[in-house]
Amino acid sequence: MVNLVIVSHSAQLGQGVGELARQMLTGDGCKLAIAAGIDDPENPIGTDPIKVMEAIESVADTDHVLVMMDIGSALLSAETALELLDPDIAGKVRLCAAPLVEGTLAATVSAATGSDIDKVIADAQNALQAKRVQLGLDAQHEPPPLPQTDDDLQEDARTVTVTVHNPNGLHVRPASRLVAALAGFDARLLLEKEGKCVKPDSINQIALLQVRCHDTLRLIARGPQAEMALAAFERLAQENFGETLTAQQPEATPDVPLQMTGQALRYTPGELPLAQATVRTPQEEMARLHSAVEDTLDDLSDLIRLAEEKFSPDIAAIFAGHQTLLDDQDLMDSAWEMLRQRKCTAEWAWHKILMELSNQYRHLDDAYLQARYIDIEDLLHRTHLHLAQALENIPTPLRPSILIASDLYPSVMLQLDKKNIAGIALLQGSPHSHSAIIAREAGIPVLYQQSNALANVRNGETLTLDAARPE
(Lines give C-alpha, C1' and ligand atoms only; values in the text may rest on other atoms or scores of the structure.)
Protein backbone atom coordinates (compact mmCIF):
# COMPACT_ATOMS: atom_id res chain seq x y z
CA MET A 1 0.00 0.00 0.00
CA VAL A 2 1.10 3.56 -0.78
CA ASN A 3 0.13 6.61 1.29
CA LEU A 4 0.66 10.23 0.23
CA VAL A 5 1.98 13.41 1.82
CA ILE A 6 1.20 16.79 0.22
CA VAL A 7 3.80 19.53 0.75
CA SER A 8 3.00 23.09 -0.34
CA HIS A 9 4.04 26.64 0.46
CA SER A 10 0.39 27.57 0.93
CA ALA A 11 -1.80 26.05 3.63
CA GLN A 12 -4.90 26.81 1.57
CA LEU A 13 -3.43 25.25 -1.55
CA GLY A 14 -2.33 22.16 0.36
CA GLN A 15 -5.77 21.75 1.92
CA GLY A 16 -7.41 22.34 -1.46
CA VAL A 17 -5.31 19.68 -3.18
CA GLY A 18 -6.04 17.32 -0.29
CA GLU A 19 -9.77 18.01 -0.64
CA LEU A 20 -9.66 17.27 -4.36
CA ALA A 21 -7.63 14.11 -3.79
CA ARG A 22 -10.03 12.80 -1.14
CA GLN A 23 -12.83 13.03 -3.69
CA MET A 24 -10.89 10.44 -5.68
CA LEU A 25 -10.92 7.95 -2.80
CA THR A 26 -13.56 5.23 -2.82
CA GLY A 27 -12.14 3.09 -0.02
CA ASP A 28 -9.36 2.96 2.55
CA GLY A 29 -6.60 2.01 0.13
CA CYS A 30 -4.69 5.28 0.55
CA LYS A 31 -4.16 7.75 3.39
CA LEU A 32 -3.33 11.43 2.88
CA ALA A 33 -1.42 13.85 5.10
CA ILE A 34 -0.76 17.54 4.48
CA ALA A 35 2.23 19.67 5.45
CA ALA A 36 1.58 23.13 4.03
CA GLY A 37 2.45 26.67 5.03
CA ILE A 38 4.20 27.77 8.21
CA ASP A 39 2.82 28.85 11.60
CA ASP A 40 3.45 32.57 11.19
CA PRO A 41 0.26 34.64 10.77
CA GLU A 42 2.15 37.56 9.22
CA ASN A 43 4.19 35.43 6.79
CA PRO A 44 2.30 32.15 6.36
CA ILE A 45 3.80 31.18 2.99
CA GLY A 46 6.59 28.63 3.26
CA THR A 47 7.41 25.05 4.23
CA ASP A 48 8.53 23.50 7.50
CA PRO A 49 10.70 20.32 7.60
CA ILE A 50 9.27 19.40 11.01
CA LYS A 51 5.73 19.55 9.65
CA VAL A 52 6.78 17.38 6.73
CA MET A 53 8.43 14.88 9.04
CA GLU A 54 5.34 14.67 11.27
CA ALA A 55 3.05 14.27 8.24
CA ILE A 56 5.18 11.38 6.96
CA GLU A 57 5.16 9.73 10.38
CA SER A 58 1.35 10.01 10.55
CA VAL A 59 0.92 7.84 7.43
CA ALA A 60 3.97 5.60 7.79
CA ASP A 61 1.91 2.50 8.66
CA THR A 62 2.26 1.29 5.08
CA ASP A 63 4.74 -0.12 2.58
CA HIS A 64 5.62 3.22 0.97
CA VAL A 65 5.00 6.94 1.46
CA LEU A 66 5.05 9.14 -1.62
CA VAL A 67 5.71 12.85 -1.02
CA MET A 68 4.13 15.29 -3.51
CA MET A 69 5.64 18.80 -3.51
CA ASP A 70 5.23 22.13 -5.22
CA ILE A 71 8.55 23.94 -5.80
CA GLY A 72 11.66 25.38 -4.18
CA SER A 73 11.78 24.97 -0.44
CA ALA A 74 9.10 22.25 -0.51
CA LEU A 75 11.71 19.91 -1.98
CA LEU A 76 14.39 21.11 0.43
CA SER A 77 12.05 20.66 3.41
CA ALA A 78 11.15 17.15 2.27
CA GLU A 79 14.82 16.23 1.91
CA THR A 80 15.55 17.65 5.37
CA ALA A 81 12.62 15.70 6.82
CA LEU A 82 14.15 12.48 5.45
CA GLU A 83 17.31 13.20 7.40
CA LEU A 84 15.30 13.76 10.59
CA LEU A 85 13.18 10.62 10.29
CA ASP A 86 13.88 7.27 11.85
CA PRO A 87 15.85 5.32 9.18
CA ASP A 88 13.19 2.59 9.02
CA ILE A 89 10.53 5.14 8.12
CA ALA A 90 12.81 7.13 5.83
CA GLY A 91 13.44 3.95 3.86
CA LYS A 92 9.77 3.85 2.90
CA VAL A 93 9.69 7.39 1.54
CA ARG A 94 9.91 8.40 -2.12
CA LEU A 95 9.93 12.02 -3.34
CA CYS A 96 7.95 12.66 -6.51
CA ALA A 97 8.79 15.22 -9.21
CA ALA A 98 5.25 15.30 -10.65
CA PRO A 99 3.19 18.55 -10.73
CA LEU A 100 1.48 18.97 -7.39
CA VAL A 101 -2.22 19.07 -8.30
CA GLU A 102 -2.44 16.77 -11.34
CA GLY A 103 0.21 14.44 -9.95
CA THR A 104 -1.49 14.12 -6.57
CA LEU A 105 -4.88 13.33 -8.14
CA ALA A 106 -3.39 10.69 -10.41
CA ALA A 107 -1.27 9.20 -7.62
CA THR A 108 -4.25 9.07 -5.25
CA VAL A 109 -6.38 7.12 -7.71
CA SER A 110 -3.50 4.78 -8.52
CA ALA A 111 -2.59 4.17 -4.87
CA ALA A 112 -6.21 3.70 -3.81
CA THR A 113 -6.62 0.89 -6.33
CA GLY A 114 -3.65 -1.00 -4.92
CA SER A 115 -0.94 -0.13 -7.44
CA ASP A 116 2.66 -0.62 -6.38
CA ILE A 117 4.92 2.34 -5.71
CA ASP A 118 6.51 2.34 -9.17
CA LYS A 119 3.15 2.50 -10.94
CA VAL A 120 1.88 5.20 -8.58
CA ILE A 121 4.95 7.31 -9.37
CA ALA A 122 4.61 6.64 -13.10
CA ASP A 123 0.94 7.66 -13.07
CA ALA A 124 1.77 10.85 -11.16
CA GLN A 125 4.63 11.76 -13.49
CA ASN A 126 2.45 11.17 -16.57
CA ALA A 127 -0.37 13.31 -15.18
CA LEU A 128 0.19 16.15 -17.66
CA GLN A 129 0.19 13.87 -20.71
CA ALA A 130 -3.57 13.93 -21.24
CA LYS A 131 -3.70 17.72 -20.94
CA ARG A 132 -0.87 18.16 -23.43
CA VAL A 133 -2.53 15.86 -25.96
CA GLN A 134 -5.90 17.56 -25.49
CA LEU A 135 -4.29 20.96 -26.17
CA GLY A 136 -2.32 19.69 -29.14
CA LEU A 137 1.05 20.18 -27.44
CA ASP A 138 2.32 16.60 -27.61
CA ALA A 139 1.04 14.81 -30.68
CA GLN A 140 3.48 11.94 -30.25
CA HIS A 141 1.48 10.79 -27.23
CA GLU A 142 -1.79 10.27 -29.11
CA PRO A 143 -3.49 7.12 -27.86
CA PRO A 144 -2.59 4.14 -30.05
CA PRO A 145 -5.21 2.66 -32.39
CA LEU A 146 -7.20 -0.29 -31.17
CA PRO A 147 -4.96 -3.37 -31.40
CA GLN A 148 -5.99 -5.83 -34.10
CA THR A 149 -3.64 -8.71 -33.33
CA ASP A 150 -4.88 -12.18 -32.48
CA ASP A 151 -3.27 -11.75 -29.08
CA ASP A 152 -5.42 -8.76 -28.15
CA LEU A 153 -8.70 -9.70 -29.81
CA GLN A 154 -8.97 -13.44 -29.59
CA GLU A 155 -12.19 -15.41 -29.87
CA ASP A 156 -12.42 -15.64 -26.08
CA ALA A 157 -12.35 -11.83 -25.66
CA ARG A 158 -15.67 -10.40 -24.47
CA THR A 159 -16.96 -6.86 -24.75
CA VAL A 160 -19.69 -4.57 -23.48
CA THR A 161 -20.63 -1.17 -24.92
CA VAL A 162 -22.17 1.75 -23.01
CA THR A 163 -23.15 5.35 -23.73
CA VAL A 164 -21.84 8.08 -21.45
CA HIS A 165 -24.55 10.45 -20.18
CA ASN A 166 -22.43 12.59 -17.85
CA PRO A 167 -22.81 16.21 -19.08
CA ASN A 168 -19.07 16.83 -18.76
CA GLY A 169 -18.00 13.40 -19.95
CA LEU A 170 -15.49 11.33 -18.02
CA HIS A 171 -13.67 14.13 -16.25
CA VAL A 172 -11.43 13.43 -13.28
CA ARG A 173 -14.01 12.30 -10.72
CA PRO A 174 -15.97 9.79 -12.83
CA ALA A 175 -12.71 8.61 -14.39
CA SER A 176 -11.36 7.88 -10.92
CA ARG A 177 -14.51 5.85 -10.14
CA LEU A 178 -13.92 3.82 -13.30
CA VAL A 179 -10.31 3.08 -12.38
CA ALA A 180 -11.40 1.95 -8.92
CA ALA A 181 -14.25 -0.20 -10.26
CA LEU A 182 -12.00 -2.13 -12.65
CA ALA A 183 -9.02 -2.55 -10.34
CA GLY A 184 -8.22 -5.98 -9.00
CA PHE A 185 -9.92 -8.16 -11.61
CA ASP A 186 -7.90 -11.06 -13.01
CA ALA A 187 -8.46 -9.93 -16.58
CA ARG A 188 -6.77 -8.04 -19.40
CA LEU A 189 -8.79 -4.90 -20.10
CA LEU A 190 -8.87 -2.33 -22.88
CA LEU A 191 -11.16 0.70 -23.01
CA GLU A 192 -12.01 1.79 -26.54
CA LYS A 193 -13.59 4.87 -28.11
CA GLU A 194 -13.79 5.43 -31.87
CA GLY A 195 -10.91 3.07 -32.64
CA LYS A 196 -8.58 4.36 -29.95
CA CYS A 197 -7.94 2.35 -26.84
CA VAL A 198 -6.13 2.58 -23.52
CA LYS A 199 -5.71 0.45 -20.44
CA PRO A 200 -8.26 1.73 -17.90
CA ASP A 201 -5.86 1.65 -14.97
CA SER A 202 -5.24 5.40 -14.53
CA ILE A 203 -7.20 8.61 -14.93
CA ASN A 204 -4.45 9.92 -17.22
CA GLN A 205 -5.00 7.09 -19.68
CA ILE A 206 -8.78 7.51 -19.64
CA ALA A 207 -8.41 11.26 -20.15
CA LEU A 208 -6.49 10.56 -23.37
CA LEU A 209 -9.71 9.22 -24.90
CA GLN A 210 -11.41 12.61 -24.33
CA VAL A 211 -14.75 10.99 -23.49
CA ARG A 212 -17.66 13.45 -23.84
CA CYS A 213 -21.38 13.28 -23.15
CA HIS A 214 -23.15 10.85 -25.52
CA ASP A 215 -19.89 9.17 -26.54
CA THR A 216 -19.91 5.38 -26.84
CA LEU A 217 -17.35 3.39 -24.86
CA ARG A 218 -16.48 -0.27 -25.25
CA LEU A 219 -14.67 -2.36 -22.65
CA ILE A 220 -12.77 -5.35 -24.03
CA ALA A 221 -11.89 -8.06 -21.52
CA ARG A 222 -10.29 -11.46 -21.58
CA GLY A 223 -9.17 -13.69 -18.73
CA PRO A 224 -10.68 -15.62 -15.81
CA GLN A 225 -12.64 -12.64 -14.44
CA ALA A 226 -13.51 -10.96 -17.73
CA GLU A 227 -17.26 -11.31 -17.21
CA MET A 228 -17.04 -9.85 -13.71
CA ALA A 229 -15.08 -6.85 -15.00
CA LEU A 230 -17.59 -6.26 -17.79
CA ALA A 231 -20.49 -6.46 -15.33
CA ALA A 232 -18.80 -3.96 -13.01
CA PHE A 233 -18.22 -1.61 -15.96
CA GLU A 234 -21.81 -1.84 -17.14
CA ARG A 235 -23.15 -1.33 -13.61
CA LEU A 236 -20.96 1.74 -13.09
CA ALA A 237 -22.11 3.22 -16.41
CA GLN A 238 -25.74 2.74 -15.34
CA GLU A 239 -24.86 4.71 -12.20
CA ASN A 240 -23.36 7.47 -14.39
CA PHE A 241 -19.86 6.66 -13.09
CA GLY A 242 -20.73 7.80 -9.57
CA GLU A 243 -22.19 11.19 -10.52
CA THR A 244 -25.67 12.41 -9.67
CA LEU A 245 -27.02 14.01 -12.82
CA THR A 246 -30.35 15.27 -11.52
CA ALA A 247 -28.87 18.62 -10.47
CA GLN A 248 -27.56 19.09 -14.00
CA GLN A 249 -30.71 18.09 -15.91
CA PRO A 250 -32.90 20.86 -17.38
CA GLU A 251 -35.85 20.07 -15.14
CA ALA A 252 -33.69 20.44 -12.01
CA THR A 253 -32.15 23.80 -12.87
CA PRO A 254 -33.82 27.00 -11.70
CA ASP A 255 -36.53 28.41 -13.97
CA VAL A 256 -34.94 31.02 -16.21
CA PRO A 257 -37.35 33.75 -17.38
CA LEU A 258 -37.66 34.06 -21.15
CA GLN A 259 -38.17 37.84 -21.23
CA MET A 260 -36.66 40.42 -18.89
CA THR A 261 -36.52 44.21 -19.09
CA GLY A 262 -33.92 46.53 -17.61
CA GLN A 263 -31.57 49.42 -18.26
CA ALA A 264 -28.57 48.76 -20.46
CA LEU A 265 -25.32 48.63 -18.50
CA ARG A 266 -22.09 48.08 -20.39
CA TYR A 267 -19.33 46.30 -18.48
CA THR A 268 -15.64 45.67 -19.07
CA PRO A 269 -13.29 44.11 -16.50
CA GLY A 270 -10.89 47.04 -16.85
CA GLU A 271 -7.65 47.55 -18.74
CA LEU A 272 -4.41 46.62 -17.01
CA PRO A 273 -0.87 47.72 -17.96
CA LEU A 274 0.97 45.32 -20.24
CA ALA A 275 4.42 46.77 -20.75
CA GLN A 276 7.12 44.46 -22.07
CA ALA A 277 10.25 46.28 -20.88
CA THR A 278 11.39 45.94 -17.28
CA VAL A 279 14.15 47.26 -15.04
CA ARG A 280 13.97 44.14 -12.84
CA THR A 281 16.00 40.97 -13.22
CA PRO A 282 14.33 37.79 -14.53
CA GLN A 283 14.58 36.36 -11.02
CA GLU A 284 12.74 39.36 -9.57
CA GLU A 285 10.02 39.14 -12.22
CA MET A 286 9.65 35.41 -11.57
CA ALA A 287 9.26 36.09 -7.85
CA ARG A 288 6.49 38.58 -8.66
CA LEU A 289 4.75 35.99 -10.83
CA HIS A 290 5.04 33.29 -8.16
CA SER A 291 3.49 35.63 -5.61
CA ALA A 292 0.65 36.58 -7.97
CA VAL A 293 -0.11 32.95 -8.77
CA GLU A 294 -0.17 32.07 -5.06
CA ASP A 295 -2.58 34.97 -4.46
CA THR A 296 -4.75 33.75 -7.33
CA LEU A 297 -4.84 30.24 -5.89
CA ASP A 298 -6.00 31.79 -2.61
CA ASP A 299 -8.70 33.67 -4.55
CA LEU A 300 -9.87 30.42 -6.07
CA SER A 301 -10.17 28.84 -2.62
CA ASP A 302 -12.46 31.73 -1.66
CA LEU A 303 -14.47 31.26 -4.86
CA ILE A 304 -14.86 27.55 -4.13
CA ARG A 305 -16.36 28.39 -0.74
CA LEU A 306 -18.63 31.06 -2.26
CA ALA A 307 -19.85 28.64 -4.96
CA GLU A 308 -20.69 26.03 -2.34
CA GLU A 309 -22.62 28.62 -0.30
CA LYS A 310 -24.55 30.08 -3.26
CA PHE A 311 -25.05 27.01 -5.42
CA SER A 312 -23.62 23.50 -5.15
CA PRO A 313 -20.47 21.36 -5.05
CA ASP A 314 -20.77 20.99 -8.83
CA ILE A 315 -20.34 24.76 -9.29
CA ALA A 316 -17.56 24.79 -6.71
CA ALA A 317 -15.80 22.10 -8.76
CA ILE A 318 -15.43 24.61 -11.60
CA PHE A 319 -13.07 26.70 -9.49
CA ALA A 320 -11.31 23.66 -8.08
CA GLY A 321 -10.62 22.86 -11.72
CA HIS A 322 -9.22 26.36 -12.15
CA GLN A 323 -6.77 25.61 -9.36
CA THR A 324 -5.69 22.52 -11.27
CA LEU A 325 -5.23 24.55 -14.46
CA LEU A 326 -3.21 27.23 -12.71
CA ASP A 327 -1.01 25.02 -10.54
CA ASP A 328 0.88 23.73 -13.55
CA GLN A 329 4.66 23.55 -13.40
CA ASP A 330 4.86 23.50 -17.21
CA LEU A 331 3.30 26.97 -17.31
CA MET A 332 5.76 28.28 -14.73
CA ASP A 333 8.68 26.71 -16.56
CA SER A 334 7.53 28.37 -19.80
CA ALA A 335 7.21 31.68 -17.99
CA TRP A 336 10.72 31.42 -16.56
CA GLU A 337 12.16 30.59 -19.97
CA MET A 338 10.46 33.62 -21.52
CA LEU A 339 11.55 35.91 -18.69
CA ARG A 340 15.10 34.68 -19.01
CA GLN A 341 15.26 35.02 -22.79
CA ARG A 342 13.16 38.15 -23.39
CA LYS A 343 14.09 40.12 -20.23
CA CYS A 344 10.43 41.14 -20.06
CA THR A 345 7.85 41.84 -17.35
CA ALA A 346 5.99 39.03 -15.62
CA GLU A 347 2.75 40.54 -16.96
CA TRP A 348 3.92 40.33 -20.57
CA ALA A 349 5.29 36.78 -20.29
CA TRP A 350 2.20 35.46 -18.50
CA HIS A 351 -0.10 37.13 -21.04
CA LYS A 352 1.78 35.56 -23.96
CA ILE A 353 1.75 32.07 -22.43
CA LEU A 354 -1.87 31.98 -21.26
CA MET A 355 -3.29 33.63 -24.38
CA GLU A 356 -1.51 31.01 -26.48
CA LEU A 357 -3.18 28.37 -24.31
CA SER A 358 -6.54 30.14 -24.68
CA ASN A 359 -6.17 30.18 -28.47
CA GLN A 360 -5.43 26.47 -28.47
CA TYR A 361 -8.74 25.89 -26.69
CA ARG A 362 -10.54 28.17 -29.17
CA HIS A 363 -9.36 25.97 -32.06
CA LEU A 364 -10.48 22.64 -30.62
CA ASP A 365 -13.26 20.79 -32.45
CA ASP A 366 -15.28 19.94 -29.34
CA ALA A 367 -17.64 22.84 -28.50
CA TYR A 368 -17.56 22.08 -24.77
CA LEU A 369 -13.76 22.09 -24.61
CA GLN A 370 -13.55 25.06 -26.96
CA ALA A 371 -15.56 27.13 -24.47
CA ARG A 372 -12.86 26.60 -21.84
CA TYR A 373 -10.85 29.46 -23.34
CA ILE A 374 -12.70 31.85 -21.01
CA ASP A 375 -11.45 29.90 -17.96
CA ILE A 376 -7.85 30.46 -19.06
CA GLU A 377 -8.49 34.16 -19.66
CA ASP A 378 -10.20 34.41 -16.26
CA LEU A 379 -7.04 33.05 -14.60
CA LEU A 380 -4.88 35.39 -16.68
CA HIS A 381 -6.90 38.44 -15.67
CA ARG A 382 -7.00 37.51 -12.00
CA THR A 383 -3.22 36.93 -11.88
CA HIS A 384 -2.69 40.21 -13.72
CA LEU A 385 -4.78 42.01 -11.09
CA HIS A 386 -2.40 40.79 -8.40
CA LEU A 387 0.67 41.75 -10.44
CA ALA A 388 -0.75 45.26 -10.92
CA GLN A 389 -2.02 45.40 -7.31
CA ALA A 390 -5.39 46.43 -8.72
CA LEU A 391 -8.89 45.80 -7.40
CA GLU A 392 -11.38 43.52 -9.11
CA ASN A 393 -14.24 45.24 -10.92
CA ILE A 394 -17.58 43.49 -10.34
CA PRO A 395 -20.69 45.21 -11.79
CA THR A 396 -23.14 46.18 -9.05
CA PRO A 397 -26.13 48.00 -10.65
CA LEU A 398 -28.53 49.85 -8.35
CA ARG A 399 -31.61 49.08 -10.45
CA PRO A 400 -32.70 46.16 -12.70
CA SER A 401 -30.25 46.09 -15.60
CA ILE A 402 -29.37 44.15 -18.72
CA LEU A 403 -25.63 43.65 -18.46
CA ILE A 404 -23.82 44.04 -21.79
CA ALA A 405 -20.28 42.67 -22.09
CA SER A 406 -17.98 41.13 -24.64
CA ASP A 407 -17.81 38.02 -22.46
CA LEU A 408 -17.95 37.26 -18.74
CA TYR A 409 -15.38 35.38 -16.70
CA PRO A 410 -16.79 32.51 -14.61
CA SER A 411 -15.46 34.20 -11.45
CA VAL A 412 -17.36 37.41 -12.31
CA MET A 413 -20.56 35.48 -13.07
CA LEU A 414 -20.31 33.76 -9.70
CA GLN A 415 -20.02 37.06 -7.85
CA LEU A 416 -22.94 38.84 -9.54
CA ASP A 417 -25.83 39.80 -7.31
CA LYS A 418 -28.91 38.49 -9.10
CA LYS A 419 -31.11 41.10 -7.42
CA ASN A 420 -30.48 43.78 -10.06
CA ILE A 421 -29.16 41.65 -12.95
CA ALA A 422 -32.30 41.14 -15.04
CA GLY A 423 -30.36 39.50 -17.85
CA ILE A 424 -27.07 39.40 -19.72
CA ALA A 425 -26.32 40.01 -23.39
CA LEU A 426 -22.85 39.02 -24.58
CA LEU A 427 -21.17 40.17 -27.76
CA GLN A 428 -19.30 36.86 -27.84
CA GLY A 429 -19.43 33.99 -25.32
CA SER A 430 -20.68 30.42 -25.50
CA PRO A 431 -23.67 28.59 -23.98
CA HIS A 432 -21.23 25.75 -23.25
CA SER A 433 -18.96 27.86 -21.02
CA HIS A 434 -18.66 27.60 -17.27
CA SER A 435 -20.02 31.16 -17.12
CA ALA A 436 -23.17 29.91 -18.87
CA ILE A 437 -23.48 26.99 -16.45
CA ILE A 438 -23.31 29.37 -13.47
CA ALA A 439 -25.84 31.75 -15.07
CA ARG A 440 -28.31 28.91 -15.59
CA GLU A 441 -27.82 27.78 -11.99
CA ALA A 442 -28.50 31.35 -10.85
CA GLY A 443 -31.58 31.67 -13.07
CA ILE A 444 -30.16 34.57 -15.10
CA PRO A 445 -31.13 34.59 -18.82
CA VAL A 446 -28.22 35.11 -21.21
CA LEU A 447 -27.98 35.74 -24.94
CA TYR A 448 -24.72 35.00 -26.76
CA GLN A 449 -23.03 36.27 -29.93
CA GLN A 450 -25.05 39.51 -29.95
CA SER A 451 -22.40 41.92 -31.30
CA ASN A 452 -24.55 43.12 -34.24
CA ALA A 453 -27.69 43.68 -32.15
CA LEU A 454 -25.87 45.65 -29.46
CA ALA A 455 -23.61 47.85 -31.58
CA ASN A 456 -25.56 51.08 -31.00
CA VAL A 457 -27.01 50.47 -27.54
CA ARG A 458 -26.11 53.12 -24.95
CA ASN A 459 -25.94 52.92 -21.16
CA GLY A 460 -29.30 53.68 -19.55
CA GLU A 461 -31.47 52.69 -22.51
CA THR A 462 -34.35 50.37 -21.69
CA LEU A 463 -33.82 46.89 -23.16
CA THR A 464 -35.94 43.78 -23.26
CA LEU A 465 -33.97 40.57 -23.38
CA ASP A 466 -35.85 37.79 -25.21
CA ALA A 467 -34.16 34.52 -24.34
CA ALA A 468 -36.89 32.54 -26.12
CA ARG A 469 -35.69 33.37 -29.59
CA PRO A 470 -32.94 31.28 -31.25
CA GLU A 471 -29.42 32.47 -30.60
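**View A. An open sheet of 4 strands with parallel pairing.** In this predicted model, the strands of the sheet follow the order S2-S1-S3-S4. Strand S2 and strand S4 (93-96) are the edge strands, each pairing on one side only. From one strand to the next, the twist averages 20°. Strands of a sheet pair through backbone hydrogen bonds, either parallel or antiparallel.

**View B. The pairing of S1 with S3, and helix H1 on the sheet.** Strand S1 and strand S3 (residues 64-69) run parallel and are joined by 6 bridges. Within this pair, isoleucine 6 stands opposite methionine 68 of S3. Helix H1 packs on the sheet, where it touches S1 and S2. The direction of H1 makes about 165° with that of S2.

**View C. Helix H1 (residues 11-23) and its surroundings**. The 13 residues of H1 should span 18 Å at 1.5 Å a residue, which agrees with the 19 Å between its end C-alpha atoms. At the start of H1, a side-chain oxygen of serine 10 comes to within 3.3 Å of the backbone nitrogen of glutamine 12. The buried residues of H1 include Leu13, Val17 and Leu20. Among the elements that cover the buried residues of H1 are strand S1 (2-8), strand S2 (32-36) and helix H5 (100-112).

**View D. An open sheet of 5 strands with mixed pairing**. The order of the strands is S12-S11-S10-S9-S13. Strand S12 (446-447) and strand S13 (462-466) each have a single partner strand, so one side of each is left without a neighbour in the sheet. Strand S11 (residues 421-426) runs parallel to S12, and 2 bridges join them. Alanine 425 stands opposite leucine 447 in S12.

Methods
Residues are numbered from 1 along each chain as its sequence is written. This is a predicted model: local features need pLDDT of at least 70, side-chain atom pairs count only at pLDDT 80 or more; totals for chains, interfaces and linings use all residues. Side-chain values use heavy atoms; hydrogens and water are left out. Two strands pair if DSSP finds at least two bridges between them. The expected span of a helix is 1.5 Å times one less than its number of residues. Buried means under 20% relative accessible area, exposed over 50%, partly exposed in between (1.4 Å probe, protein chains only). Contact means heavy atoms within 4.5 Å. A polar contact is a pair of N or O atoms within 3.5 Å; within protein, one must be able to donate a hydrogen and the other to accept it, and residues adjacent in sequence count only if both atoms are side-chain atoms. Axes are lines fitted to C-alpha atoms, for helices over the stretch in contact, and angles run from 0 to 180 degrees between N-to-C directions.
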